[in-house]
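This report describes a protein structure for a reader at the bench. Please consult the sequence and the coordinates alongside the text.

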Amino acid sequence: MLLQPVRANRKSSPIALKAVVMASVSVVTLMGAAAQAQERAPDTAFLVPEIIVTAQKREENANTVPMSITAVTGEQLVRSGVKEVRDLTKIAPGFSYTDSYVGSPIYTLRGIGFSDISLGGRSTVSLYLDQAPIPFAIEGRGVILDLERVEVLKGPQGTLFGQNATGGAINFIAAKPTPGFAAGIDASYGTFNALDLTGFISGPLSETVGVRLAVQAIRSDPWQRSYTKTAENGADDVQSARLTVAWEPTAQLKVQVSLNGAIDKSEGQAGQLIGISPALPGAAPFVPGLLTYPLAPATARAADFNPGLDYGKNNRFRQISARADYQFANGIVLTSITSGSRFDQDQLLDIDGTTLSNFSRDTKGKIESFSEELRIAGDLNGNLKYTLGANYSTDDVKEFSLNDFSQSSQALLFTGFGFPALKGFGDSNSQKTDTQAIFASVDYAVNEDVKLTGGLRYTRSNNDFEGCTSDPGDGSSSAVFGPFWNSFRAQMGKPPNPPIAKGGCITANAEIVPGLVVDSLNETNVAWRVGTEWTPRERTLLYANVSKGYKAGGFPSLGGTSASQYLPATQESVLAYEAGFKTTTTNRRLHVDGALFYYDYQDKQILGRVLDPLFGPLLQMINVPKSRVTGAELQASWLPLDGLSLTTGLSYVDSEVLDDFVNYNPNGVLTNLGGEAFPNTPKWHMVADANYVWPVGEGLNGFVGGGVNYQGETNSQLGELPSLNVKAYTLIDLRAGVESQTGNWRLWAWGRNVGDAYYWTAANRNLDTTVRFTGRPATYGVSVGYRFQ
């Protein structure tokens, strides 16, 4: 294994060394246990599974792919209670999930993540369903339905999966139509009257056509409750479906068409109030009830929100994708993957953690996306595998958010100048992005044991933007900002602007003229990857890779009084060094993966702040010039006894902003952020699962099991404010039940977070309040599954 040089710094070197030592000790311990296990001949029914993945856009054994992968079967997902993308934190070390304060998902892999509040914000972790892109993170609800497996690919994946995969990519592989009739139903009932019904039916329509239909409905009562009023919030209401049609008219041609959709009417989570921090301290005493508002008790369910309002979302996603593979006589395969999707958003979120109208956001938006990939793949003389292709995609994002802060100190910003109080404002954001790319990837076998790999991808993108902050539609902000801007125009000796219409833009340019901000961002980049792998013995792989990936720049969606706030953040890049191993004992009782990695991170995109001469620090998308990530990772699967399976994963991620990077912390104080760790990036993440199966009678098996998910301490934003700390937490899940030995039915009871840990995944400072977003308390339930054969 190769160890990349680690840049010394005052905070991380001893811990990084400790991580490497611990990883090495763990490997030695596991391999020692494996040596003892090899003395026993295993039952062939109890072997470490070898999962087939498509990480390199061809089917391969995951243990032979020279990169770090967490691959999990659909059976394991059900057993572990993974129902949403956020639940992958239970099984994928190094992956973390949190929601932004406006409810948009933030995916982070090995410290590479992107925290944004824009509907069109690009994640650094790309999502794919059967290699068709799910372009935006918020579109992932309902994707974990009737899956064959999930592949979490770690490190930049830009050569084959395109830009915006600097952290990695997650491939969701749907279950396919079966050659014979098959059907199944799964049902769960648990705490908060939570009901989950899932079913599928599959089979052939003819000798050349097969279909599979899967549906799911999830509903539950509210899990949050007000601690000052009689009100509840947080009900689940999600329906999703997938129809897959497979057509194989000849031995050379295969066609698959999939229709996917999800409707999410769940209630958005309310923040839990942990502090009063007025934006304008002098005005706060004039906001009735603000300074004396009681903080929330330290229990998971406690939260406050304006009672009587409908916080149910009406978010809808639908996608159609078509894949065609044609194999020529010379073995070359031509593949076309075409997909189109649409997402509609309509949701109201109470963000401030009180029953006051201090800060809420009502968002309506639409995303329309289209993608086409055409590629050829082949094998020359059995020692050179290649893939060549081109990709085109377009995304059209429109978003409007109505922000109500009528009972906040910010509402009184201009009352001292004789203007009326503000009620709120609107945010308009329209981005249309066209992206073209060409790519190539080759694997060359030097001999039976040594291979060289390489890949390139050239990408060109164009992003056209229109946006502004506007009057909410009632003239309340126009009545303030129109005269206010004209007072500055008069001081400059310029004529007054025309009155701002109701609903009109209040964002002003350098000439103090309010209006729509129009801009564009054109970028190009070349992602690449080179690597080598060595197989010293059967089922053992050593590899080393160097890769570079890019995330596209973009424009923010925010409350901007100055046009300069809408300047885009330019593209960021990650240069990644990784060395690792994958090994399985000869009796397939133990498999261990390990990796060391170092990332050189350039121009990391963050939602920072710039100084406005009139209003002080205002939000803006900015780039952090230099930062880095150093880490280690270990994953293992072990079957020490027939019926007993143990899996575990451990990741260590040490991130740091380099040099002196000066910007404003969430309190608006100018701060040197150099030396700080990345937000939403715990140094330690450990996952583990145990499952034991044994016969309990004729035709029956009993089983017990459980999982552990530990995430270390982190902070939600740069600045490391203590109020925004996310403490370390450990979640324990348990399960027990019986099943038929034929596998056609199963009944079990389960508990999640059985220790009832009080934890939270994010915290945020708003206009006048600081809130945290808590995880759910202990929940319990029963599940049953039946397969018709």
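The sections below proceed from the overall architecture to individual elements and contacts.

## Overall architecture

The structure is a predicted model. The protein comprises 4 helices and 41 strands. Its C-alpha trace extends over about 85 × 60 × 55 Å along the principal axes.

For 789 residues, a compact globule would be expected to show a radius of gyration near 28 Å, and the 27 Å found for the protein agrees with this. Of the 789 residues, 57% are buried.

## The disulfide and helix 4

The whole structure contains 1 disulfide. This bond joins Cys 468 to Cys 505, with 2.2 Å between the sulfur atoms. The link is left-handed, with a value of -70° about the S-S bond. Cys 468 belongs to strand 24 (residues 450–470), whereas Cys 505 sits in the loop between helix 4 (478–491) and strand 25 (517–537), so the disulfide ties together parts that are 37 residues apart in sequence. Both cysteines, Cys 468 and Cys 505, are buried.

Helix 4 consists of 14 residues and reaches 20 Å from its first C-alpha to its last, close to the 20 Å expected at 1.5 Å a residue. The buried residues of helix 4 include Val 480, Phe 481, Phe 484, Trp 485 and Arg 489. Ser 478 and Gly 482 are also buried in this helix. An α-helix has 3.6 residues a turn, so residues three or four places apart point the same way. Just after helix 4, Gly 493 adopts a positive phi of about 75°.

## A nonpolar surface patch and strand 13

A nonpolar patch on the surface is formed by Phe 181, Ile 185, Ile 201, Leu 213, Val 215, Leu 243, Leu 259, Ile 320, Tyr 786 and Phe 788, which together have about 880 Å² of accessible area. Strand 13 (209–220) and strand 41 (779–788) each contribute at least two residues to the nonpolar patch. Leu 213 is located in strand 13 and is partly exposed, with a relative accessibility of 38%.

Glu 207 lies in the loop between strand 12 (194–204) and strand 13. At 84% relative accessibility, Glu 207 is exposed. The C-alpha atoms of Glu 207 and Pro 222 are separated by 48 Å, the two residues being 15 residues apart along the chain.

## Salt bridges

Side chains of opposite charge can pair when their charged atoms come close. The structure contains 42 salt bridges. In one of them, Arg 746 pairs with Glu 75, with 2.7 Å between the closest N and O atoms. Arg 746 is in strand 38 (residues 745–752) and Glu 75 is in helix 2 (residues 74–80), so this salt bridge ties together parts that are 671 residues apart in sequence. Arg 746 is buried, at 19% relative accessibility, while Glu 75 is partly exposed at 40%.

Arg 141 and Asp 264 form a salt bridge with an N to O distance of 3.3 Å. This pair links distant parts of the chain, 123 residues apart: Arg 141 is in the loop between strand 8 (132–134) and strand 9 (147–154), and Asp 264 is in strand 17 (residues 253–264). Asp 264 is buried, with a relative accessible area of 7%. Arg 141 and Asp 264 also belong to a network of salt bridges that links them with Glu 84, Arg 86, Asp 99 and Lys 313. Elsewhere, Lys 364 and Asp 362 meet in a salt bridge of 3.7 Å, N to O. Lys 364 is partly exposed at 44% relative accessible area, and Asp 362 is partly exposed at 23%.

## Positive phi outside glycine

Most residues other than glycine have a negative phi. Lys 57, which is not a glycine, has a positive phi of about 60°. Lys 57 is placed in the loop between strand 1 (52–53) and strand 2 (60–61). With a relative accessible area of 10%, Lys 57 is buried.

Asn 381 is a residue other than glycine with a positive phi, near 60°. Asn 381 occupies the loop between strand 21 (360–380) and strand 22 (384–404). At 77% relative accessibility, Asn 381 is exposed.

How values were computed: Residues are numbered from 1 along each chain as its sequence is written. This is a predicted model: local features need pLDDT of at least 70, side-chain atom pairs count only at pLDDT 80 or more; totals for chains, interfaces and linings use all residues. Side-chain values use heavy atoms; hydrogens and water are left out. Patches are made of residues with over 30% relative accessible area and no salt bridge: like charges are joined within 9 Å, nonpolar side chains (Val, Leu, Ile, Met, Phe, Trp, Tyr) within 5 Å. Accessible areas come from the Shrake-Rupley method with a 1.4 Å probe; for residues, only the protein chains shown count as cover. A salt bridge is a side-chain nitrogen of Lys or Arg within 4 Å of a carboxyl oxygen of Asp or Glu. Buried means under 20% relative accessible area, exposed over 50%, partly exposed in between (1.4 Å probe, protein chains only). A disulfide is a pair of cysteine sulfur atoms within 2.5 Å. The expected span of a helix is 1.5 Å times one less than its number of residues. The radius of gyration is taken over C-alpha atoms; the globule rule is 2.2 Å times the number of residues to the power 0.38.
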